[in-house]
Amino acid sequence: MRIHLISVGQRMPAWIAAGYAEYAKRLPPECALKLVEIAPQRRGKTTSAALARTVEGQRLVQAIPKGAGVIALDGGGQQWSTEQLAQQLRQWLAAGRDCALLIGGADGLTPECLARAEQRWSLSALTFPHPLVRVIVAEQLYRAWSVLNGHPYHRGD
């Protein structure tokens, strides 16, 4: 299985790229994490935030691999503990198909992206900058994998 982290934003600061890469490389091939960066729509005098979000949403949906399960990172989604995320990861692995995790841009995900999602995952009640979300997701997926495999990285209760 591959997990496709489809995220609006390109040319991230070096610390974002390094943080993401560190956790992505720790995951084994059977749970590979692949980043797909979507070009953000330029906002300006002639392009409203709503129009930009619509264009970004279309790009996100187009980047979803055929047959992949879709999980939207959304503040209105379900919050999972580490153990619950590990069980979600177990289910995703058992399903035998790729997963696509959608991370919207500065204005969030479109209703079309949310409708396409089979699940909605909220990282927290807090609001995070969307570039940071890719690092948090990569770390949490690695942590969930470590729980499933008895790896000492996660030292929970």
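These legends go with a handful of close-ups of a predicted model.

**View 1. The largest nonpolar core.** This core is built from 29 residues. Those with the most contacts inside it are Leu-33, Trp-92, Leu-101, Trp-121, Val-137 and Leu-141. Look for β1 (2–8), α1 (14–26), β3 (69–78), α3 (82–95), β4 (99–103) and α5 (130–148), since each of these elements gives two or more residues to the core. Helix α5 supplies the largest share, 8 residues.

**View 2. Around Leu-33, and a second core.** Setting aside residues up to four places away in sequence, Leu-33 touches Ile-3, Leu-5, Tyr-20, Ala-24, Leu-27, Ala-138 and Leu-141. Elsewhere there is a second, separate core of 15 residues. Among its members are Ile-38, Leu-60, Cys-113 and Ala-117.

**View 3. The two sides of helix α1.** Ile-16, Gly-19, Tyr-20, Tyr-23 and Ala-24 are the buried residues to find here. They cover an arc of only 125° around the axis, so they sit on the same side of α1. Turn to the other side and you meet Ala-14, Trp-15 and Lys-25, which are exposed. The cover over the buried residues includes β1, β2 (32–38) and α5. As for length, 13 residues at 1.5 Å a residue should span 18 Å, and the end C-alpha atoms of α1 are 19 Å apart, which agrees.

**View 4. Helix α5 from end to end.** With 19 residues at 1.5 Å each, α5 should span 27 Å, and its end C-alpha atoms are indeed 27 Å apart. Just after the helix comes Gly-150, with a positive phi of about 65°. Within α5, Glu-139 and Arg-143 meet in a salt bridge (2.8 Å, N to O). The two are 4 residues apart, about one turn of the helix. Glu-139 is buried, at 11% relative accessible area.

**View 5. A salt bridge between distant parts of the chain.** Arg-134 pairs up with Glu-37, their closest N and O atoms 2.7 Å apart. Arg-134 belongs to helix α5 and Glu-37 to strand β2, 97 residues apart. Arg-134 is buried, with a relative accessible area of 2%, while Glu-37 is partly exposed at 35%.

**View 6. A salt bridge between two loops.** Here Glu-118 and Arg-97 form a salt bridge, with 2.5 Å between the closest N and O atoms. Glu-118 lies in the loop between α4 (111–116) and β5 (119–121), and Arg-97 in the loop between α3 and β4, so the pair ties together parts 21 residues apart in sequence. Arg-97 is partly exposed, at 34%.

Technical notes: Residues are numbered from 1 along each chain as its sequence is written. This is a predicted model: local features need pLDDT of at least 70, side-chain atom pairs count only at pLDDT 80 or more; totals for chains, interfaces and linings use all residues. Side-chain values use heavy atoms; hydrogens and water are left out. A nonpolar core is a set of buried Ala, Val, Leu, Ile, Met, Phe, Trp, Tyr and Cys residues joined through side-chain atoms within 4.5 Å. Buried means under 20% relative accessible area, exposed over 50%, partly exposed in between (1.4 Å probe, protein chains only). Contact means heavy atoms within 4.5 Å. The expected span of a helix is 1.5 Å times one less than its number of residues. The arc is that of the directions from the helix axis to the C-beta atoms. A salt bridge is a side-chain nitrogen of Lys or Arg within 4 Å of a carboxyl oxygen of Asp or Glu.
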